Amino acid sequence: MMGPAYQLRDVAQETIYQNTCCNGMLPKVIAAKSTLVQAVFILSIAFVGTVADLFGVRFVYLFSSFMLLLTALIGMAGLMYNKHSIEIDKTSAERREGI
């Protein structure tokens with residue numbers, strides 16, 4: 001059930017990258033993003049494995065749900081705070097030229 005939500009998130013992120021980066025920098029930005037995501041994934045596996053060994057699997061699920069709730073609240077607060085600064089009238093090419 002989480003697959004479609006993740007796909008929508010990924011499409012939205014890729015669209016943001018494409019609209020804000022110039023064409024010459026886009027491959028570098030996508031490559032850097034992929035590298036960072038893989039590094040964080042590796043570190044999170046090591047962290048979650050250690051926490052599961054020390055505190056049990058139940059704690060891992062409770063901690064994960066707390067972190068997910070926290071990041072969702074931070075994201076919603078950031079969206080509400082910055083909703084007036086989104087450039088709606090410009091096309092993606094005009095936004096790229098400004099950077």
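**Exercise 1. The crossing of helix 1 and helix 2**

Determine in which hand helix 1 passes helix 2 in this predicted model, and describe the contact between them.

Solution. Step one is the hand: in this predicted model, helix 1 passes helix 2 in a right-handed crossing. Step two is the geometry, in which the axes of helix 1 and helix 2 come within 10 Å and cross at roughly 145 degrees. Step three assigns the residues, with Gln13, Glu14, Tyr17 and Gln18 contributed by helix 1, and Leu26, Val29, Ile30 and Lys33 by helix 2. Step four sorts the residues of this contact by character, which gives four nonpolar, two polar and two charged.

**Exercise 2. Salt bridges**

State how many salt bridges the model contains, and identify the partners of each.

Solution. The count comes to two salt bridges. One of them joins the side chains of arginine 9 and aspartate 10, with an N to O distance of 3.0 Å. The other is formed by glutamate 14 and lysine 33, whose closest N and O atoms are 3.5 Å apart. Because glutamate 14 lies in helix 1 (residues 3-20) and lysine 33 in helix 2 (residues 26-55), this pair ties together parts that are 19 residues apart in sequence.

**Exercise 3. Exposure of the charged partners**

Classify the four side chains named above as buried, partly exposed or exposed, given that buried means under 20% relative accessible area and exposed over 50%.

Solution. Taking arginine 9 to begin with, its relative accessible area of 41% makes it partly exposed, and its partner aspartate 10, at 28% relative accessibility, is likewise partly exposed. Turning to the pair that links the two helices, glutamate 14 has a relative accessible area of 26% and is partly exposed, while lysine 33, at 21%, also counts as partly exposed. For the chain as a whole, buried residues make up 4% of the 99 residues.

**Exercise 4. Helix 2 and the chain order**

Compare the reach of helix 2 with its expected span, examine the residue just after it, and place it among the elements of the chain.

Solution. Helix 2 has 30 residues and reaches 42 Å from its first C-alpha to its last, which is close to the 44 Å expected at 1.5 Å a residue. Just after helix 2 comes glycine 56, which takes a positive phi of about 100 degrees. The chain has four helices and zero strands, and from the N terminus on its elements run α-α-α-α.

Methods:
Residues numbered from 1 in each chain as written. Predicted model: local features only at pLDDT ≥ 70, side-chain atom pairs only at ≥ 80, totals over all residues. Heavy atoms only, no water. Salt bridge = Lys/Arg side-chain N within 4 Å of Asp/Glu carboxyl O. Buried < 20%, exposed > 50% of the residue type's maximum accessible area, 1.4 Å probe, protein only. Helix = DSSP H or I, 4+ residues; strand = E, 2+ residues; numbered from the N terminus. Expected span 1.5 Å × (residues − 1). Axes fitted to C-alpha atoms, helices over the stretch in contact; angles between N-to-C directions. Left-handed = near helix turned anticlockwise from the far one by under 90°. Contact = heavy atoms within 4.5 Å. Nonpolar A, V, L, I, M, F, W, Y, C, P; charged D, E, K, R; others polar.
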